[in-house]
Every structure is written in C-alpha cells, then in structure tokens.
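Here is a protein to look at together. Take a moment with the sequence and the fold before reading on.

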Amino acid sequence: MFKRSKYGAKKHTLVIDGQEEKFDSKLESDRYLVLLAREFNGDISALSRQPKFTLQEKFRAGKKAIRAIHYIADFIYTEDGEQVVEDAKGWRTTDYKLKMKMFLNTHKQYKFVEVEKKRKEFIEVVYDRRDSD
C-alpha cells in the first residue's frame, strides 16, 4: 500500500544495483532514472540526491533561539563544469516557493532547474543567477 502526501503524490521505490532507493513521488523517481542515464552517457557527473542547503543560519533573538532554515533539493550534479541543483515538482507549495526564492538569492553560484512533467514530457525551467548583481 502506498502512502499519499496531502498533495496526492505517492511514495515510490526503485531497485538500482540491488539497492532500494526511496522517492517522495513517481515524478522524482522518473527524473532520477533520466539523470542516471545522462550520467552513464557522460552528459553529467557527480549526481547526488537530497542535497541540503542552509538558507538562513540559526540565531538568538533575546533569549529565544531561532532555528536555521534549510532547503533540501531533489538532486545536484555537474554539467559542463557547472553545478546544477534540480527539483522535480508536481505541486509548488507556498513553503517551496519561498525557499526557492531564498535559495536563488543566497546560493547564486548554482544553476537551479525546476522540472515538471506535462503530457509525459519533462519541462525544465532554468533559473540562473550566477552572473547577476
């Protein structure tokens, strides 16, 4: 039995080289297979899942401790010598939209790619702030 998230995504599991890989959605697992094929073909390298980025460090406000804000993307890899952070999104939550904006502002050294699937095709939206400011 699959457990659905509140946005309808089903958890998905792939077995790759005898190891189970768990994903938050079928879209994410499908995209991972595409990226694995691209890595095998030499188009990308250093593919990794679930990279964690700090958007705001923890701090104290008087006696109150304020926790850090983190963003966990789906994938990170190197393409043509550039680091690319990628997120596969079926539904863009308010929390995701805010964190994506913070990521784009605080981690300008990365190219950011948001991937969605329409009519069985992956659609890539690229946000590149590396040369801005």
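What follows is a walk from the whole protein down to a few residues.

First, some ground rules: this is a predicted model, where local features need pLDDT of at least 70, side-chain atom pairs count only at pLDDT 80 or more, and totals for chains, interfaces and linings use all residues. Residues are numbered from 1 along each chain as its sequence is written, and side-chain values use heavy atoms, with hydrogens and water left out.

**The whole protein**

You'll find 2 helices and 11 strands here; helices (H or I, at least four residues) and strands (E, at least two) are DSSP runs, numbered from the N terminus. Reading along the sequence gives β-β-α-β-β-β-β-β-β-β-α-β-β. The C-alpha atoms fit in a box of roughly 50 × 40 × 30 Å along the principal axes.

How much of the protein is buried? Of its 133 residues, 30% are; buried means under 20% relative accessible area, exposed over 50%, and partly exposed in between (1.4 Å probe, protein chains only). Take the contacts (heavy atoms within 4.5 Å) between residues at least 6 apart in sequence: 42% of them join residues at least 24 apart.

**The sheet**

Now for the sheet: 5 strands make an open one with mixed pairing, in the order β3-β8-β9-β10-β11. Two strands count as paired if DSSP finds at least two bridges between them. At the edges sit β3 (45–49) and β11 (121–128), each pairing on one side only. On average, neighbouring strands are turned by 25° against each other, direction ignored. As background, strands of a sheet pair through backbone hydrogen bonds, either parallel or antiparallel.

Two of the pairings can be set side by side:

| Pair | Direction | Bridges | Opposite residues |
|---|---|---|---|
| β8 (residues 75–79) and β9 (residues 82–88) | antiparallel | 5 bridges | Thr 78 and Gln 83 |
| β10 and β11 | antiparallel | 8 bridges | Lys 117 and Phe 122 |

The strands β10 and β11 also form a hairpin with 2 residues between them. In that turn, Arg 119 has a positive phi of about 50°.

**The helices**

Which strands does helix α1 lie across? Helix α1 (residues 26–40) lies across β3, β8, β9, β10 (111–118) and β11, and runs at about 165° to β3. Helix α2 (residues 94–106) packs on the sheet too, touching β9, β10 and β11, with its direction at about 150° to that of β10. For these angles, axes are lines fitted to C-alpha atoms, for helices over the stretch in contact, and angles run from 0 to 180 degrees between N-to-C directions.

**Two residues up close**

Let's zoom in on Asp 30, which belongs to helix α1. Is Asp 30 buried or exposed? Asp 30 is buried, because its relative accessible area is 16%. Leaving out residues up to four places away in sequence, Asp 30 touches Lys 117 and Phe 122. You've met that pair already: Lys 117 stands opposite Phe 122 in β11.

Ser 48 sits in strand β3. With a relative accessible area of 33%, Ser 48 counts as partly exposed. Its contacts, not counting residues up to four places away in sequence, are Asp 74, Phe 75 and Ile 76. Ser 48 and Lys 11 are 37 residues apart in sequence, and their C-alpha atoms are 19 Å apart in space.
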